[in-house]
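Here's a walk through the charged pairs and the hollow spaces of one protein model. Have the viewer open as you read.

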Amino acid sequence: MATLTLKDVGFCYGERRIFSHLSLSFPDTGLFVILGRSGSGKTTLLSLCAKTLNPTEGLVSLNKGERPSLVFQSPLLLDYLDVMENVLLPAMLRGESRDKAERRAQDCLDKVGLPGFQRKDIKTLSGGEKMRVSLARALMANDAFLILDEPTGQLDEKTSEGIYLLLKSLADNRLVLLVTHDEKGAGKYADGLYLLKEGSLLCLRSSETKAKPAEKPPKKERPLGLKAAFGLTTAFLRKRMARFLLSGLFLSLSLSFLYLGIDLAMNLSSSLDRLFEEYYDSEVIALSQRQTIAQSGHLALERFSVPEEEVAMQLGITETYPSLSYFLPESNTIEIGEKENVVSFLPVLRQKEEQLSKGRPARKMGEVVVNSSFLDAFDLKEDMAIGESFSFRHSLVVRSATMEAEDLLKLNYTFEIVGIGKEKSAFNSPTCYFSYSLLADHLSGIYLENLSEEYQKALSVMDLFEKTTDRQDDFRGGKVLFSCDNPQEIVKRGERLYGEDIRLSSKSLSVRESTEEIVFSLLQVLLAFLTMTLLSAFMHAYLSVYSLYDENIRLFALTRIYPGEKKNRRRLSCSMLLSHFLLVTILVVSLSLSIAFLTNAVLAANAFPPFLSLLNPSSLILVLLAAFLFSFFATIPPMRRVAERDIKRELEGED
C-alpha cells in the first residue's frame with residue numbers, strides 16, 4: 001500500500017516551470033533518497049510531498065490519517081526557546097502533557113547524539129548541532145512519514161553515518177524520504193534511489209520493502225493548550241520586551257488618563273463640596289423669587305424679589321433673615337497702604353473658629369475675618385495682617401412706603417482684621433466676612449428722624465423690616481438670608497419644586513458652579529484630545545504586535561506541519577491578547593494609582609481636599625473593559641494579516 005502518491009504533478013514558480021507530469025508512489029516503509037544538483041527542485045518536491053505547497057496541476061495524496069514530519073534544509077529553530085523546548089514543540093502543538101513528552105524528547109536528543117544539550121541556548125550551537133536538534137524535533141513528532149532536506153549537509157562523515165543508520169532503523173516502520181547531495185553515504189542505506197533532473201524523477205535503484213506493521217490507532221490529538229501557548233508567547237516576548245513594553249506603556253498611559261478623567265468627573269461634585277465648605281460664609285444662602293412686574297403679549301418684565309413665606313416653608317427653611325446689603329454693600333473699594341482693590345463684604349450668621357487658619361472670629365462691630373485672596377490683593381503677610389484696619393464711607397437714602405418721608409444716611413465703617421479664613425485663594429476673590437448679628441445690632445442703634453415722624457414712633461434701621469411689608473422695598477435687597485448645613489440639597493430641592501422661579505445664591509455656590517463648568521469644559525477638551533491619543537496608542541500597539549508576529553513567522557510556519565493549524569494559531573493569538581491585556585492592566589493600575597496618589601499628595605500639601613480616589617471600582621472596571629477591547633483589536637486582527645507567502649517562504653528554504 002502506498003503512503004505517498006504523486007499523479008501527473010506539475011509546479012511552476014510564476015512563468016518558470018519546475019515539474020511536469022510527475023507520477024510516482026512511495027510505499028509505507030523504507031528509506032528513499034532523491035539526488036539532484038542545486039536548483040533542480042528537490043526542496044520544492046519535498047514541500048509538495050509534505051503538502052506545504054500545492055501543485056500547479058496534478059494530485060499529491062497521502063494515506064488517510066498519515067502526515068509527514070519535516071526536517072528542513074534550514075533548521076528552523078526558535079531562538080527564544082532552549083534545545084529541549086524546541087524539541088518539545090511538536091508535543092506542545094499537539095496538546096501533549098509536558099511531563100511525559102520530556103522523557104521522549106530526551107530520548108530523541110540521545111538518538112541524534114546530543115545528550116546533555118537540553119538547556120543550551122540555540123544561538124550557541126554549531127550548524128551541525130542545530131540540524132541534529134531539528135532532526136530530534138522531527139523524531140519527537142513520531143509521524144508515519146518523515147521528510148528530510150539535506151539532513152547531513154552540515155555534518156561530518158562520522159556523524160552523517162550515524163544519522164543514516166538512525167534513519168534506516170526508523171524506516172523499518174515508516175516512510176523516510178530525503179534529498180541530499182551525499183550519493184555515496186545515503187545510497188549505501190537507501191531502499192530506493194532517485195535522481196531529479198530537468199523536471200523528471202529517474203529511478204536509479206529500487207528494492208522491495210516490507211509491509212508496515214499493524215499499529216494501534218492514534219490517539220485523538222488536541223490543539224495547543226492555552227498554558228503552553230502563553231508560555232511560547234512570553235518566551236518570545238522576553239526577547240522583544242522593549243518594543244512590547246513601549247506599545248503597552250503608550251496605551252496604558254492614555255487609558256490611565258481616561259480612568260483619572262472619569263474618576264475626576266465622578267468625584268468632582270463631592271470634592272468641590274469639601275473645598276467650598278471651607279468658605280467662611282458657606283452656610284449662608286440668599287433666597288429670592290421671580291416676580292412679574294409687567295406683561296404685554298409674549299413679553300414680560302420680571303425681577304427677583306423677597307420670596308413668599310410659603311416658599312421658604314416648602315424648602316424646609318425654618319428661619320430667614322433680611323438682607324443688609326443695602327446698608328453694607330456687598331462690593332466696596334477699599335485702600336490699605338498704597339493698594340486699592342474691590343473687596344466683597346459678606347455676612348456670617350454663625351462664627352466658626354475651626355474654619356480659621358489664624359486669629360479669632362469677630363466679637364464686636366467693626367471686626368472682620370478675611371480670606372487669603374484678600375491678603376494677596378493687598379500684599380499682606382498672614383503674620384502681619386491681624387490688627388490691620390481700613391475704613392470707607394457709604395451714603396444711602398431710606399424712604400417710607402408712602403414715599404412722603406425720607407432719610408439720608410451717611411455711614412462710616414471702620415473694620416479691623418481679627419481672623420484669617422482657611423479657604424484657598426484658588427477659585428476665590430478678596431473677601432471680608434462680618435458678623436450679621438453684630439451689624440444688625442449696630443443698625444438697630446441708628447434712628448431715622450423723618451421716617452420716625454411719619455410713623456410717630458422712634459424708628460431704627462432694623463425696625464424698617466418689621467414695620468413694612470412691601471416685598472419691593474429697595475432696602476430689602478430683593479432677597480432673604482438663611483443658614484443651611486447642606487446647600488446642595490436645598491438647591492436640588494428648589495430646582496425640583498420651583499425650577500427657575502426661585503434663585504438660591506451665595507458666593508460659594510456661584511464659585512462652585514462656575515468652577516464646575518470650567519472643569520467640565522476642560523474635561524471635554526481633554527476627552528477629545530484623549531480620544532486622539534488613544535487612537536494613536538492603539539495604532540502603535542497594532543503595528544507593534546504585527547511586527548512581532550512578523551518576527552515570529554517561524555513559529556507560525558512550524559504550526560503548518562502539525563495538526564490543528566488554525567486552532568493553534570488562534571491559541572497563539574489568544575495568548576498574545578492575554579499577554580498584552582495583562583501588561584496593560586498592570587500598567588494602567590500602577591500608573592493610575594501613582595498619578596492619583598501624587599496628585600492628592602500635592603493637593604494635600606497645599607491644604608486642598610483630594611480630587612481623585614485612589615481606587616474607583618466602577619471607573620476601573622470601565623477602563624479595563626476598554627483595555628481589553630483595545631488589546632483584542634490590537635492582537636487578533638494582525639494575526640489574520642500574517643502573509644501566507646511569508647509562511648511558505650519560511651518553509652521552502654532554498655533550493
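A residue counts as partly exposed when its relative accessible area falls between the buried class, under 20%, and the exposed class, over 50%. Keep in mind that this is a predicted model.

## Salt bridges between strands and loops

Across the whole structure, a search turns up 24 salt bridges. Let's start with R290 and E302, whose closest N and O atoms sit 2.9 Å apart. R290 belongs to strand 10 (residues 284-296) and E302 to strand 11 (residues 299-305), so this bridge ties together parts that are twelve residues apart in sequence. E302 has 37% relative accessibility, so it falls in the partly exposed class. R290 is partly exposed as well, at 28%.

Next up is R350, which forms a salt bridge with D485 at 2.8 Å between the closest N and O atoms. This pair links distant parts of the chain, 135 residues apart: R350 is in the loop between strand 14 (339-348) and strand 15 (356-359), and D485 is in the loop between strand 20 (480-483) and helix 15 (487-498). R350 is partly exposed at 39% relative accessibility, while D485 comes out as exposed at 67%.

## R240 and its network

Which residue does R240 meet in a salt bridge? The partner is E551, with an N to O distance of 3.1 Å. R240 lies in the loop between helix 7 (226-239) and helix 8 (241-276), and E551 is in helix 16 (residues 507-551), so the contact ties together parts that are 311 residues apart in sequence.

Is R240 buried or exposed? With a relative accessible area of 17%, R240 is buried, whereas E551 is partly exposed at 38%. The pair isn't on its own, either: D79, R240, R243 and E551 are linked in a network of salt bridges.

## The second largest pocket

Now for the open space. The second largest pocket holds about 740 Å³. Its lining takes in 28 residues, and L260, G261, L264, L523 and L526 are the ones nearest the centre. Helix 8, helix 16 and helix 18 (565-605) are the elements that each give two or more residues to that lining.

Helix 8 makes the largest contribution to the pocket lining, with eleven residues. What classes of residue does the lining of this pocket have? There are 23 nonpolar and five polar residues, and no charged ones.

## A closed cavity

The structure also has four cavities of 30 Å³ or more. The second largest of these cavities has a volume of about 70 Å³. Lining this cavity are A229, L232, T233, F236, Y549, N552, L555, F556, L572 and M576.

Helix 7, helix 17 (553-559) and helix 18 each supply at least two residues of the cavity lining, and the largest share, four residues, comes from helix 7. By class, eight of the cavity's lining residues are nonpolar, two are polar and none is charged.

## A nonpolar patch on the surface

Over on the outside, L593, F597, L598, L614 and L615 make a nonpolar surface patch of about 480 Å². One of them, L593, lies in helix 18, the helix that also gives residues to the pocket lining and to the cavity lining. L593 is partly exposed, at 32% relative accessibility.

Note on methods
Residues are numbered from 1 along each chain as its sequence is written. This is a predicted model: local features need pLDDT of at least 70, side-chain atom pairs count only at pLDDT 80 or more; totals for chains, interfaces and linings use all residues. Side-chain values use heavy atoms; hydrogens and water are left out. A salt bridge is a side-chain nitrogen of Lys or Arg within 4 Å of a carboxyl oxygen of Asp or Glu. Buried means under 20% relative accessible area, exposed over 50%, partly exposed in between (1.4 Å probe, protein chains only). On a 1 Å grid over the protein atoms alone, a cavity is a set of points where a 1.4 Å probe fits but cannot get out, and a pocket is an open set with protein on both sides within 12 Å along at least five of seven lines; lining residues have an atom within 4 Å of a point. Grid points are joined across faces, edges and corners, and a volume is the space filled by probe spheres set on the points. Ala, Val, Leu, Ile, Met, Phe, Trp, Tyr, Cys and Pro count as nonpolar, Asp, Glu, Lys and Arg as charged, and the others, Gly among them, as polar. Patches are made of residues with over 30% relative accessible area and no salt bridge: like charges are joined within 9 Å, nonpolar side chains (Val, Leu, Ile, Met, Phe, Trp, Tyr) within 5 Å. Accessible areas come from the Shrake-Rupley method with a 1.4 Å probe; for residues, only the protein chains shown count as cover.
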